[in-house]
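Visitor: I have a chain open in my viewer and would like a close look at a single part of it. Could you walk me through that part and then show how the rest is arranged around it?

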Amino acid sequence: MASNKVLVIGATGLVGSQLIQYLIDDASVDQIICLVRRPITIPSKKVSVQVVNFLDLDKSAVLFDGVGHVFCCIGTTMKQAKSREQFQIVDHYIPKVVARIANDKGINAYSIVSSVGANADARSFY
């Protein structure tokens, strides 16, 4: 039987941390790879935490090998980002690069969490 390996970005946020716990408890998931900006500890033998440079993810593309599903929970707020440019890097550029790498690796399942009410026609920057 093939290994059920998943990759998560945004594992330290509210949604991502809840997803990680769900995946740890899911007996059908064998391995969870968490891509993070800085070291964290997740107490589970199923979890592998990998510190990466999100602005140069192609150098970490090997971490996508053998992955069956990518979960993208990364996000920020304008308050944290401090500029539209930084906000766009986190909420648009990084998920787009992750999706491209996943596609290049033949990963057919990509789930992304977005903001409640995200709408291209909204007045706000979001």
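Here is the part I have in mind, followed by a guided answer.

Visitor: Please take strand 1 (residues 5–9). Which way do its residues point, and which strands does strand 1 pair with?

Guide: Happy to! Keep in mind that this is a predicted model, and that the values below are computed from it.

Let me set the scene before we zoom in. The chain has three helices and five strands, and their order along the sequence is β-α-β-β-β-α-α-β. With a radius of gyration of 15 Å, close to the 14 Å that the globule rule gives for 126 residues, the chain is as compact as a globular protein of that length. Along the principal axes, the C-alpha atoms fill a box of roughly 50 × 30 × 25 Å. Of the 126 residues, 37% are buried.

Now to your strand. Five of the five residues of strand 1 are buried, so the strand is largely enclosed by the rest of the structure. Buried here means under 20% relative accessible area. The side chains split into two sets: Lys5, Leu7 and Ile9 point one way, while Val6 and Val8 point the other way. Both sets are buried, and the lysine is included in that.

What lies alongside? On the one hand there is strand 2 (residues 31–36), which pairs with strand 1 in the parallel sense over five bridges. If you want a spot to click on, isoleucine 9 stands opposite leucine 35 in strand 2. On the other hand there is strand 4, which also runs parallel to strand 1 and is joined to it by four bridges. For that pairing, select leucine 7, whose bridge partner in strand 4 is valine 70.

Valine 70 lets us carry on to another strand. Strand 4 pairs with strand 5 (residues 109–112), again in the parallel sense and over four bridges, and valine 70 stands opposite tyrosine 110 there. You can therefore trace a path from leucine 7 to valine 70 and on to tyrosine 110, with the bridge definition asking for at least two bridges before two strands count as paired.

Histidine 69 shows the same neighbourhood through its contacts. This residue belongs to strand 4 (residues 69–72). Leaving aside neighbours within four places in sequence, histidine 69 is in contact with Lys5, Val6 and Leu7, and also with Ile107, Ala109, Tyr110 and Ser111. For a distance to check in your viewer, the C-alpha atoms of histidine 69 and aspartate 26 are 14 Å apart, with their positions 43 residues apart in sequence. Across the whole chain, 56% of the contacts between residues at least 6 apart in sequence join residues at least 24 apart.

A few places away from strand 1 are worth a visit too. Lysine 105 sits in the loop between helix 3 and strand 5. At 36% relative accessibility, lysine 105 counts as partly exposed. Not counting residues up to four places away in sequence, it touches Ala61, Val62, Phe64 and Asp65. Its C-alpha atom is 6.9 Å from that of phenylalanine 64, although the two residues are 41 apart along the chain.

Lysine 82 is in the loop between helix 2 (78–81) and helix 3 (84–104). Its relative accessibility is 69%, so lysine 82 counts as exposed. The backbone there deserves a glance: lysine 82 has a positive phi of about 75° although it is not a glycine.

Helix 1 (residues 14–25) holds glutamine 21, which counts as partly exposed at 41% relative accessibility. From glutamine 21 to asparagine 119 is 29 Å, C-alpha to C-alpha, and the pair is 98 residues apart in sequence.

To finish with the surface, the chain exposes about 8000 Å², and carbon and sulfur atoms supply 52% of that area. The chain has 13 positive and 10 negative charges, and the mean positions of the two groups are 7 Å apart.

Terms used:
Residues numbered from 1 in each chain as written. Predicted model: local features only at pLDDT ≥ 70, side-chain atom pairs only at ≥ 80, totals over all residues. Heavy atoms only, no water. Rg over C-alpha atoms; globule rule 2.2 N^0.38 Å. Buried < 20%, exposed > 50% of the residue type's maximum accessible area, 1.4 Å probe, protein only. Contact = heavy atoms within 4.5 Å. Areas by Shrake-Rupley, 256 points an atom, 1.4 Å probe, with all protein chains shown as cover. Lys, Arg positive; Asp, Glu negative; His and termini not counted. Charge placed at Lys NZ, Arg CZ, Asp CG, Glu CD.
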